Amino acid sequence: MSWSGAWALVPAKRFTTAKQRLGGLLDAAGRATLACAMLDDLLALLAADTDLGGTLVVGEDPQARGLCRRHGAFFLAASDKDGLNDAVARGAQALARRGAAAVLVVPSDLPGLRLADLAALRAGLAGSDVALVPAERDGGTNLLASRLPLGFAPVYGPASFARHQAAAAAAGFSVAEPDCPGARADLDRPEDLPALIGCGPRTRSVLARFAPGLLPGSLPPVASPVLIPTAAG
Ligand SMILES: Nc1nc2c(ncn2[C@@H]2O[C@H](COP(=O)(O)OP(=O)(O)OP(=O)(O)O)[C@@H](O)[C@H]2O)c(=O)[nH]1
Ligand SMILES: O=C(O)[C@H](O)COP(=O)(O)O
């Protein structure tokens, strides 16, 4: 761990409220189990990135805090009531205060993310103040990186990619748009299930054990919900 490098910031809302848009495919326990496995896989990936100073997760979920302990990540408590933009702003501020040089905001819903994508994101930052990677489907922002302190307010939400571009430009920052192929597809809706191709081992084993029909290659019709038992059941 080194405070002076680039840090990953992972916003993570409570697992029990995550993945709502997959409600037609997974029951509540299934969505929470999937969200937990995806964060677990992401933290393992980030821990393997030797060019990162470290990882900070921002949220309120006690299980997420436990995952941080397991993967050597830091945890900053923030209420979900305050929303995603507040979580990112507060995390970036905390990192800047500790002397981190840059922040890579990495959501936990990018199942295809690879170390090469993180390296490409950092390379984008090497020549620019800010680097942005759009979501391929909905105009969202899948990766946002910036030198610290963060000089503009994050504006996650509808069409956030264009709004992040505009906010960074308005603040006088140069913006790179690096090619990060593993970060193009996020998992939001049933039609995003192909994004699970190449997902990490924990995500895959949750799906294989509880919902094999959701694994790419055998995608179920959206109209037939797959109910996932809780781990105890
Ligand atoms: N700390 C924090 N993280 C959030 C919040 N909202 C979303 N996130 C995180 O931001 C990333 C993108 O999340 P979303 O796509 O908005 O939510 P999701 O749980 O994947 O899906 P939906 O419930 O369908 O919106 C994930 O890592 C979430 O855990 C929030 O209010 N607080
Ligand atoms: O700005 C965004 O990209 C969204 O607020 C968060 O991403 P989503 O498309 O996964 O909801």
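**View 1. Ligand 2 sits in the largest pocket of this predicted model**. A pocket is here an open set of points on a 1 Å grid over the protein atoms alone, with room for a 1.4 Å probe and protein on both sides within 12 Å along at least five of seven lines, and a molecule sits in it if more than half of its atoms lie within 2 Å of its grid points. Residues are numbered from 1 along each chain as its sequence is written, while chains are lettered from A and ligands numbered from 1 in the order in which they are written. Because the model is predicted, local features need pLDDT of at least 70 and side-chain atom pairs count only at pLDDT 80 or more, whereas totals for chains, interfaces and linings use all residues, and side-chain values use heavy atoms, with hydrogens and water left out.

**View 2. The shell and polar contacts of ligand 2**. The residues around ligand 2, with a heavy atom within 4 Å of it, are Arg21, Asp109, Asp138, Gly140, Thr141, Tyr156, Gly157, Ser160, Asp186 and Asp188. This shell divides into 1 nonpolar, 4 polar and 5 charged residues, where glycine counts as polar and Asp, Glu, Lys and Arg count as charged. Among the polar contacts (N or O atoms within 3.5 Å of each other), a side-chain N or O atom of Asp138 is 3.2 Å from an oxygen atom of ligand 2, and one of Asp186 is 3.1 Å from an oxygen atom of the ligand. For Asp188, a polar side-chain atom lies 2.8 Å from an oxygen atom of ligand 2. Of the 300 Å² of accessible area that ligand 2 has on its own, the protein covers 81%, by the Shrake-Rupley method with a 1.4 Å probe.

**View 3. Ligand 1 and its surroundings**. The space taken by ligand 1 is the largest pocket. There are 18 residues around ligand 1, of which Pro11, Lys13, Lys19, Gln20 and Arg21 come nearest; the shell divides into 7 nonpolar, 5 polar and 6 charged residues. At least two residues of this shell come from each of β1 (6-12), β2 (52-59) and α3 (83-98), and α3 gives the most, with 3 residues; helices (at least four residues) and strands (at least two) are DSSP runs, numbered from the N terminus. A polar backbone atom of Ala12 is 3.3 Å from a nitrogen atom of ligand 1. A backbone N or O atom of Gln20 lies 2.8 Å from an oxygen atom of the ligand, and an N or O atom in the side chain of Ser108 is 2.9 Å from an oxygen atom of ligand 1. The protein covers 86% of the 620 Å² of accessible area that ligand 1 has on its own.

**View 4. Backbone details at Lys19 and Pro149**. Lys19, in the loop between β1 and α1 (28-47), has a positive phi of about 60° although it is not a glycine. Leu148 and Pro149 are joined by a cis peptide bond with omega about 0°, and Pro149 is placed in the loop between β6 (141-147) and α5 (160-170).

**View 5. The aromatic pair of Trp3 and Phe74**. A search of the whole structure finds 4 aromatic pairs, with ring centres within 6.5 Å and planes classed as stacked under 30 degrees, edge-to-face over 60 and tilted for the rest. One of them, Trp3 with Phe74, is edge-to-face, at 5.3 Å centre to centre and 75° between the planes. This pair links distant parts of the chain, with Trp3 in the segment before β1 and Phe74 in strand β3 (residues 74-77), 71 residues apart.

Conventions
Polar contact = N/O pair within 3.5 Å; in protein donor to acceptor, adjacent residues only side chain to side chain. 1 Å grid on protein atoms, 1.4 Å probe; cavity = no way out; pocket = protein on both sides within 12 Å on 5 of 7 lines; lining within 4 Å. Phe/Tyr/Trp six-rings, centres within 6.5 Å; stacked < 30°, edge-to-face > 60°.
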